[in-house]
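Subject: Structure handover

Hello,

Here is the structure I promised you. Please open it and keep it beside this email as you read.

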Amino acid sequence: MKGRRVPIRGIVPLVLCASAAARMPLAGKMAFANQAMFSSCCSRKGRATSRASCSSSSVLYCSSSSAAAADENLDAAVKAAVGALPSRPRVAVVGGGFAGLAAAYHLAAFGSDVTVFDPHEAGTGSGASTVAAGLLHPLTPRGKLIWKGEEGFEAAKHLIQTVNDKLVHDAAVAAGDDAAPANGPRGCLTTDSVYRPLMDEKQVDLFTKAAEDLPQWVESLTREEIMEAVPGSTPECLGGVRIRGALAVDAPTYLKGLWSACRALVNAADVDRNANGDTSGGDNGASSSPSRKEGATWVRQSVEDVHALAASGEFNAVVACVGAGVRALAGVKDIVSLRLVRGQTLLYDNVGAARAAEPGGEGAAEKGGGSSSSSSSSSGSGGSDRLLQSAVLCGQYVVPTTVDETGGGNGGKILLGSTQEPFMPGQKVDRPPDMAKALRQLRPKVARFFPALEGVTPIGCTAGVRVMQERSSYGRIPVAGRLPFSKRGWVIAALGARGLIHHAYLGKLVAACALLDSDDHLPPQVVAPLEDLGKDATGDL
Ligand SMILES: Cc1cc2nc3c(=O)[nH]c(=O)nc-3n(C[C@H](O)[C@H](O)[C@H](O)COP(=O)(O)OP(=O)(O)OC[C@H]3O[C@@H](n4cnc5c(N)ncnc54)[C@H](O)[C@@H]3O)c2cc1C
């Protein structure tokens with residue numbers, strides 16, 4: 001069957017660069033420009049830059065100026081409130097995943113000292129964030145916008161950019177360079193090319209509409225174009241789309257970088273304190289003593305009761321972001337009815353998979369068979385001999401991860417995920433992965449849209465647990481706000497299967513609310529489940 005182009009109509013005038021990008025040759029669209037990928041048509045504060053300054057891989061999202069003004073007002077209000085305090089506020093964050101570290105970062109940015117409690121090593125955590133594929137875009141599988149998708153995307157993109165810049169800078173400094181060399185380390189970004197093949201008429205209909213309604217996010221491609229963009233994908237598709245502006249991060253690298261960026265924010269305060277003899281934070285802020293609450297500190301401890309921590313009087317506020325730990329944490333468990341869904345991911349060696357996909361398999365390639373994906377190279381060092389350069393979604397996903405060894409994440413692998421296994425009562429959150437089960441469930445599904453991995457042996461398997469609310473008219477949305485029956489306790493929970501899209505948005509808002517002692521700035525939809533429970537709150541903590 002001939003590939004079809006999903007028509008694009010009615011490009012909104014606000015998106016200055018959409019038509020220019022649509023006219024670009026495919027190779028240009030695929031180009032991975034690490035620094036340039038974030039250069040948006042609009043600056044962070046929504047001011048339009050000149051059309052000529054939009055790079056080829058620009059993110060085509062423009063935040064509205066009213067949202068930017070509200071953002072600035074909130075920043076000013078929180079900073080004024082913090083500035084009026086006799087000393088820097090101290091806030092505890094329980095849990096060091098995407099949500100906890102985003103909250104910690106914004107607390108630090110607002111001028112607070114932060115203590116993160118998590119039993120695992122500083123900047124690593126142990127929850128769903130560590131095994132996430134790291135995909136960020138604002139669309140549902142049906143091509144609609146996720147609730148607060150554009151705000152969430154903008155906030156996440158900004159935070160990821162900050163972290164990426166810091167990682168690149170730190171690596172350059174460690175290597176003795178003043179600036180990051182052109183072919184240097186990439187930080188936490190793994191790809192800015194995210195594609196979705198359309199496998200049947202229903203998907204074509206949904207994404208034809210998406211391309212009409214959301215041209216700033218959805219670019220239609222013919223079957224030939226998507227096969228050229230993603231070598232190894234299936235000729236069985238009817239066409240495809242590229243999700244504009246979408247990107248993926250290497251999750252472990254991002255978590256480390258986020259903690260490092262958080263620490264950098266409070267370094268100036270730390271320098272003052274260290275000059276006074278307080279050096280208990282160590283190199284990465286790790287501390288075995290919960291008594292140090294200045295600067296940015298990571299305490300390797302599990303918290304058993306959020307209310308007890310809030311009532312201890314040691315912190316101005318406590319923010320609980322414990323992911324699936326929500327089932328066991330007193331003060332947070334039972335807040336709302338949450339569903340747990342386990343997800344397993346298979347790991348492949350990206351270079352080894354390219355060899356294995358050669359005619360005759362890996363052995364033949366090693367004897368000089370070359371690379372099946374050499375024509376697809378777009379990402380500089382380490383890219384040309386990899387099977388997969390771009391992320392591909394189609395119910396399941398295949399995502400390439402970091403290739404440079406400085407990243408510290410899953411270097412040079414392909415993530416194939418993920419299973420969706422309902423959680424049975426009594427099951428342990430941290431039970432080990434079951435690769436045989438993951439293979440049984442994932443292989444037939446991925447064979448449909450990315451057959452190049454068929455027959456390739458995975459090198460590992462990871463497992464994590466997503467936490468989500470029941471579906472509402474807004475979809476599955478997170479819970480965030482003040483804990484019922486608590487004055488100082490706050491929570492961010494139920495980030496679901498797409499935690500990155502809301503982590504920075506809610507992390508910032510909850511940080512602001514905790515410091516302002518008011519949840520007025522949170523969207524009512526995320527607060528509502530907590531308000532229902534807290535009608536009889538005594539406010540005694
Ligand atoms: C297989 C898989 C793939 C995914 N892929 C994506 C993706 O591509 N894009 C995307 O946006 N989302 C993805 N997600 C969803 C995303 O991972 C989650 O929404 C997100 O990680 C949730 O973040 P969190 O900070 O709320 O929780 P977590 O990441 O689970 O972090 C919770 C932290 O709290 C700590 N903790 C728990 N209890 C306690 C306690 N009592 N005291 C102290 N610390 C505690 C844990 O050690 C952990 O570090 C994926 C999820 C899975 C399972």
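Below are notes on the ligand site, one helix, a small sheet and some backbone details.

This is a predicted model, in which local features need pLDDT of at least 70, side-chain atom pairs count only at pLDDT 80 or more, and totals for chains, interfaces and linings use all residues. Residues are numbered from 1 along each chain as its sequence is written, and side-chain values use heavy atoms, with hydrogens and water left out.

**The ligand site**

Start with the ligand. It is surrounded by 39 residues, where a residue is near if one of its heavy atoms lies within 4 Å. The closest are D118, S126, S129, V303 and G496. The shell holds 17 nonpolar, 19 polar and three charged residues. Here Ala, Val, Leu, Ile, Met, Phe, Trp, Tyr, Cys and Pro count as nonpolar, Asp, Glu, Lys and Arg as charged, and the others, Gly among them, as polar.

Some backbone atoms make polar contacts with ligand oxygens (pairs of N or O atoms within 3.5 Å). For G496, the distance is 2.7 Å. For A128, a backbone N or O atom lies 3.0 Å away. For F98, the figure is 3.3 Å. Alone, the ligand exposes 1,000 Å², and the protein buries 94% of that. These areas come from the Shrake-Rupley method with a 1.4 Å probe.

Which elements each supply at least two shell residues? They are α4 (98-109), α5 (128-131), β12 (338-349), β17 (460-469) and α15 (499-516). Helices (H or I, at least four residues) and strands (E, at least two) are DSSP runs, numbered from the N terminus. Domain 2 (88-130 + 253-334 + 474-536) and domain 3 (339-469) each give the shell at least three residues. Those bounds come from an automatic or database domain assignment.

**Helix and sheet**

Helix α6 (residues 149-174) has 26 residues. It reaches 36 Å from first C-alpha to last, close to the expected 38 Å. The expected span is 1.5 Å times one less than the number of residues.

An open sheet of three strands runs β3-β8-β4, with antiparallel pairing. Its edge strands are β3 (135-136) and β4 (189-191). Strands pair if DSSP finds at least two bridges between them. β3 and β8 (residues 247-249) share two bridges. In β8, L247 is the bridge partner of L136.

**Backbone details**

Most residues other than glycine have a negative phi, and most peptide bonds are trans. K148 is not a glycine, yet its phi is positive, about 55°. K148 sits in the loop between β3 and α6. A cis peptide bond joins G417 and S418, with omega about -15°.

Best wishes

Note on methods. Polar contact = N/O pair within 3.5 Å; in protein donor to acceptor, adjacent residues only side chain to side chain.
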